[in-house]
Amino acid sequence: ADRLEFVERAKLKWEKRIRQELDAMAAELGVPLQRVRKEEPPKHVPEDHAIRFVYDDNDLLDVLCNISNPNHAATAAKTPQWGLIKVELQTLDLEQLREELREMEPGVLHLGVGDDSSQQLVEERSKAFKSALEVGYIPLLRQLTRRGVPQAMRPQVYMKIMGVEVTDASVAYLEQLNASLKEYELVTDELFRLDVTITGNDDDYFVFEEMLSDTMSTLSRDPWLSHSCAVLSQANDKPYPDAYSRQAVVFPPCGIVPFRGIVMYATPFCYLFSDPADVYFTFRSVYANYCCRLHTVSSGTGDILQLSRQFEVVLQETNPALYFHLLEKGLPPLRIAFNWIVFGFAGYLEVDQILALWDRILAWDSLLLLPVLAAAILSFREERLLKCNTPEEMR
């Protein structure tokens with residue numbers, strides 16, 4: 001349960017609504033949530049199917065904006081609310097951010113940032129990473145990763161940091177999940193396929209459409225996720241006695257109801273690995289540790305509610321003129337930046353930039369860079385945004 005009771009109530013209400021939407025969609029399609037498969041699973045959603053996403057990032061933002069502390073309501077009514085997030089969560093101020101992210105100071109040389117990564121720097125960093133990988137000491141790897149990872153070494157470094165080792169048992173487990181895909185179908189299968197199809201329209205990812213389809217289909221059937229994510233979705237007002245009891249009642253088996261854009265979390269890993277097992281287990285580990293935090297209602301540090309609040313605090317402190325200009329024109333800054341944060345900038349930055357960002361996320365073992373980067377991008381666009389007078393011009 002969430003440490004804040006009113007956030008837990010909001011989460012229960014939101015996830016009940018998601019389940020009702022899923023049940024309604026199944027009823028419209030005339031199919032049960034799960035049934036024995038009679039034919040090979042299709043790779044694409046038939047065009048004539050009236051399939052729709054249960055929710056998207058805008059729906060999630062609306063839910064977060066409507067969460068408030070009932071004990072704070074009396075004083076809040078007398079205090080101007082500059083941000084969309086009404087819950088007072090602990091955030092870092094500018095000085096604390098500078099200390100926490102001191103290796104990101106512009107004078108520090110980084111791989112994958114700018115065009116100044118000389119061959120000598122790449123060779124020096126590669127040698128340091130090779131030694132760290134041989135030792136296998138993850139804190140040292142994280143420290144080195146703060147300044148970027150040589151492109152050729154990313155697969156090894158990511159797997160080592162995330163504790164991923166693909167063994168014969170892992171491959172057998174993956175085959176078991178794939179066998180279940182052929183045995184029965186879920187109503188969520190078409191939601192995942194629809195999202196894969198939409199993602200496949202992106203020039204950066206269309207070549208990986210089949211790999212993404214296989215990865216997300218497998219993910220939807222993996223019960224490990226239902227009890228191993230850093231933040232669990234499908235809350236329950238009565239605690240489960242153990243992981244297996246929880247596993248027996250969540251749907252789909254992974255515990256994740258797909259929403260529009262969820263496939264974007266997997267896209268960077270298609271550039272790192274050619275082996276489907278490496279893609280799957282590395283992505284699964286990253287999802288369970290980080291991505292699940294970006295779309296689950298929770299008040300924990302590093303979860304989407306707190307990250308959204310952190311973004312608003314950073315932009316208010318570093319660029320109050322821009323912040324209040326956007327407010328005055330009817331477009332709260334979080335409305336612009338929320339989908340960047342929710343999807344970890346996947347689909348918004350170039351692939352090499354996304355991988356450079358993930359280097360630092362794994363290095364700090366934190367999603368803190370997402371709201372900081374979002375605030376920095378808005379400030380970078382300050383001159384153009386200050387000339388805009390309508391929300392349509394600003395988007």
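Okay, let's start with a question: is D303 buried or exposed? Hold on to that one for a moment while I walk you through the charged pairs.

What we have up here is a predicted model, so everything I say is computed from that. The count comes to 18 salt bridges. I'll pick out a few.

Start in helix α1, residues 5-29. D23 pairs with R19 there, with the closest N and O atoms 3.2 Å apart. The two sit four residues apart, so they are separated by about one helical turn. How accessible are they? D23 comes out partly exposed at 34% relative accessibility, and R19 is partly exposed too, at 31%.

Next, helix α4, which runs over residues 94-100. Here E95 and R98 form a salt bridge, 2.9 Å from N to O. Their spacing is three residues, again about one turn of the helix. E95 has a relative accessible area of 53%, so we call it exposed.

Now back to my opening question. D303 makes a salt bridge with R293, at 2.7 Å from N to O. Both are in the loop between α14 (276-289) and α15 (304-318), ten residues apart. And D303 is buried, because its relative accessible area is just 3%, under the 20% cut-off. R293, on the other hand, is partly exposed at 21%.

Last one, and it's a group rather than a pair: R35, R37, E185, D189 and R221 are linked in a network of salt bridges. Have a look at that one on the structure.

That's it from me, happy to take questions.

Technical notes
Residues numbered from 1 in each chain as written. Predicted model: local features only at pLDDT ≥ 70, side-chain atom pairs only at ≥ 80, totals over all residues. Heavy atoms only, no water. Salt bridge = Lys/Arg side-chain N within 4 Å of Asp/Glu carboxyl O. Buried < 20%, exposed > 50% of the residue type's maximum accessible area, 1.4 Å probe, protein only.
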